[in-house]
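User: Please explain how the terms used for this structure are justified. I should like each term to be set against its definition.

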Amino acid sequence: MSMTAAHQITAGFMPLFDSAVLVAAGELGFAAREGIDLTLHRETSWANIRDRIAIGHFHLAHMLGPMPLACNLGLTPLASETIVPFSLGLGGNCVTVSNTVWAGMVAHGAEADLDPARAGAALRALIRERAAAGGDPLRFAVVHPHSGHNYELRYWLAACGIDPAREIEIVIVPPPFMADALATGRIDGYCAGEPWNSAAVAAGTGHIVTVKARIWRNSPEKVIGVRKAWADENPEALAALLRALHHSARWCQDPANRGELAAVMAQAGFLGLPPAVQMPILTGHLRLGGGAERTIDDFFLPFDKAANFPWKSHALWFYTQMVRWGHVAHTPENLAIARNCYRPDLYRSALKPLGVALPGANSKVEGALQVATAVGATGAGLVLGPDGFFDGQIFDPDEVDAYITGQKSARAEA
Amino acid sequence: MVRTALAVLVIDENRIRAAIIEAGLREAGHERVTVIHDVTGIARRIAEIEPDVIVIDLENPNRDMLENMFQLSRAVKRPIAMFVDRSDQASIEAAVDAGVSAYVVDGLRQERVKPILDMAVSRFNAFSRMARELEEVRGELESRKVIDRAKGILMKSRGLSEEAAYTLLRKTAMNQNRKIGDIAQSLVTAAGLLGPPEDE
């Protein structure tokens, strides 16, 4: 097959469930049907993925949503210009805390209902109580500084009146080590993708207190980051790949395929974890710890709700959070870099021949849709949202300055 | 100006490879070399050692944590950047190909650090070669064992001598243009599926 394929593409991925759309594209023939010989390389760190993209070992890779922005903004030790023509899904993360922290939160009114506002208020009361008693600040872990996990954890805490830069400590831990670090007391909580939250619950060492889908519903997570130099020289190969990913994502979303998808991901070369462990992310039904269970709407969407569309408003929101937490200075040049990183134009032109529903705009006002809404778009049957932030805030991508200023003053008052 | 000796920290979970790197550094005259296999409590160690150069294997899943620490942690008093010279694309490629990465304290001169990186790259490559050869030897031993078992099956079921059994295996392999180890493996598998339980 490799001799006859029109396009040879090499892609990197991390052994996380949300690489599924890319893995399935290679393993289940979606790429081959588009004339692509797709070679997948499993990596051990995001830094490796970044380096191998930078030196051209990989044409593209499974990446954290803010990672290509960080590359283009010069925040990483090694980088090549990276663009995002496809998003690998919405949601999928949770915030998990140790049993001790959970007991402290319950004493301050937390309930096992995943409500971010209630959980945040209880955590704030616990943090203030510890500070008053002269205790060490709680230590939370995220998977990478330039990750959806870091920014949604900070957003949630800040909206609940906790200053994540001063009142807690945030460290980096690789996702497979999270549950162990929690069990041994090296960290008090973490924000990570599944199955690493359910793993702590199953071990009896952690409680899931809230989820990404409740902090900001239908929010961006992993993306396909593409080396721009390669994309510019190989527009046909890229378009063929985006079509393959589209078909793969549609297949991954179909509940009828859950068993087969979990079996593919269970292989040692991919996620390498038993199918049963993958069911919470596939079904949205989570055990929270202490016998509590919840089914979360839109917990993880690999395809529905235009999950694969690389909204510029998603990139710009990540940018505002990079500015908010001091990762980058807000300048017109940096804003322009952030605006040009996600490429809905490439997504649209690749998928146009398929006659599928495509959003008409490149950006949307995030948090504006209170209910699932059919939107005007080319093709038929595109439903978006709800996409609300739990604190009722709205992010208008045309008002970036105002949003950044508003968050700065909110923090100063807190 | 007196040049103080560079402090080099090697972080590698593979003890054999770490020892090979350390030996190389010492042979090159570096006396302030520290090797760490386990990253638990590494922030404190870095604060103690104050390394000028940090060498890390790319298989290490803690690379994201370490990079973040180099950039942000109060434990690291001096800013640490990756590689010496970002414009030296060839040497960066060689390092990534070899599976090693180096972080260097800002302001160190290229000519002081380049030999360390080059040495790490060549020793990483040598280690990979050694590991590959070991794997081949292991595979050879394994296939020799399977051939012995296949010979045993033939001797028993067809009443052949050991030599005749081997000749039959070899001829079959040649006719089918396959390795003799593969033919032996097929025979052993088939015998396991079809025949009565084999006496070990």
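Analyst: The answers below take the sheet, a helix and the contacts between chains in turn.

This is a predicted model, in which local features need pLDDT of at least 70, side-chain atom pairs count only at pLDDT 80 or more, and totals for chains, interfaces and linings use all residues. Residues are numbered from 1 along each chain as its sequence is written, while chains are lettered from A and ligands numbered from 1 in the order in which they are written.

User: How do you know that strand β1 of chain A pairs with β2(A)?

Analyst: Two strands pair if DSSP finds at least two bridges between them. Strands are DSSP runs of E with at least two residues, and helices are runs of H or I with at least four, numbered from the N terminus. Seven bridges join β1 (residues 7-13) to β2(A), so the requirement of at least two is met. The two strands run parallel, and A:Thr10 stands opposite A:Thr39 in β2(A).

User: What makes β2 and β4 of chain A edge strands?

Analyst: The open sheet has the order β2-β1-β3-β11-β4 in chain A, with mixed pairing. β2 (36-42) and β4 (82-87) each have a single partner strand, so one side of each is left without a neighbour in the sheet.

User: Why are some residues of α4(B) called buried and others exposed?

Analyst: A residue is buried if 20 or more other C-beta atoms lie within 10 Å of its own, exposed if 12 or fewer, and partly exposed in between, with C-beta atoms placed from the backbone. B:Ile92, B:Ala95, B:Val96 and B:Ala98 are the buried residues of α4(B). On the other side of the helix, B:Gln89 and B:Ala90 are exposed.

User: What puts the buried residues on the same side of α4(B)?

Analyst: The arc is that of the directions from the helix axis to the C-beta atoms. The buried residues cover an arc of only 165° around the axis, which puts them on the same side of α4(B).

User: How do you know which residues of chain B are in contact with chain A, and how many are there?

Analyst: Two residues are in contact if their C-beta atoms, placed from the backbone, lie within 7 Å. By this criterion, 15 residues of chain B are in contact with 15 residues of chain A. α3(B) gives the most to this side of chain B, with five residues. The buried residues of α4(B) pack against α3 (46-54) of chain A, together with β5 (100-105) and α5 (110-158) of chain B.
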